[in-house]
Amino acid sequence: MLNQHLSEVESQTQQLFDMLARKVSEEEDLTEKLKEHDLMEWIRRNNNIRK
């Protein structure tokens, strides 16, 4: 029962994190255009969001 609850909490937490990361990416203008133009900058900024 505890493992099931912890699994559900982990899943909800991951979904929330993914949603917030997408929102911040949009706010920071982290687009595919930037990825094509300057991949290293896109990676750096993406990693900073996910820290």
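User: How many helices and strands does the protein have?
Analyst: This is a predicted model, and its secondary structure comes to 3 helices and 0 strands. Along the sequence the pattern reads α-α-α.

User: Where do the helices sit in the numbering?
Analyst: α1 covers 2-27 and α2 covers 32-37, while α3 takes in residues 39-50.

User: What about the overall dimensions?
Analyst: The C-alpha trace spans about 50 × 15 × 15 Å along its principal axes. The radius of gyration is 15 Å, whereas a compact globule of 51 residues would come in near 10 Å.

User: OK, and how much of the protein is buried?
Analyst: Of its 51 residues, 14% count as buried.

User: Which one could I look at as an example of a buried residue?
Analyst: Try Asn46, in helix α3. Asn46 counts as buried because its relative accessible area is 15%, and the cut-off for buried is under 20%.

User: How far is Asn46 from Ala21?
Analyst: Their C-alpha atoms are 8.7 Å apart in space, with their positions 25 residues apart in sequence.

User: And Val24, buried or exposed?
Analyst: Partly exposed, as it turns out: Val24 has a relative accessible area of 33%. Val24 is found in helix α1.

User: How far apart are Val24 and Glu10?
Analyst: The separation is 21 Å, C-alpha to C-alpha, for two residues that are 14 apart along the chain.

User: Switching to the surface. What area does the protein expose, and how much of that do carbon and sulfur supply?
Analyst: The exposed area is about 4,700 Å², and carbon and sulfur atoms supply 53% of it.

User: How many charged side chains are there of each sign?
Analyst: There are 8 positive and 11 negative ones. The centres of those two sets lie 3 Å apart.

User: Where does the charged end of Lys35 sit?
Analyst: Over the ring of Trp42, at 4.6 Å from the ring's centre.

User: How many aromatic pairs, then?
Analyst: The count is 0 aromatic pairs.

User: Last one: what's the phi of Asp29?
Analyst: Asp29 has a positive phi of about 55 degrees, and Asp29 is not a glycine.

User: Why point that out?
Analyst: Because most residues other than glycine have a negative phi.

User: Where is Asp29 found?
Analyst: In the loop between α1 and α2.

Key: Residues numbered from 1 in each chain as written. Predicted model: local features only at pLDDT ≥ 70, side-chain atom pairs only at ≥ 80, totals over all residues. Heavy atoms only, no water. Helix = DSSP H or I, 4+ residues; strand = E, 2+ residues; numbered from the N terminus. Rg over C-alpha atoms; globule rule 2.2 N^0.38 Å. Buried < 20%, exposed > 50% of the residue type's maximum accessible area, 1.4 Å probe, protein only. Areas by Shrake-Rupley, 256 points an atom, 1.4 Å probe, with all protein chains shown as cover. Lys, Arg positive; Asp, Glu negative; His and termini not counted. Charge placed at Lys NZ, Arg CZ, Asp CG, Glu CD. Phe/Tyr/Trp six-rings, centres within 6.5 Å; stacked < 30°, edge-to-face > 60°. Lys NZ or Arg CZ within 6 Å of the ring centre and 35° of its normal.
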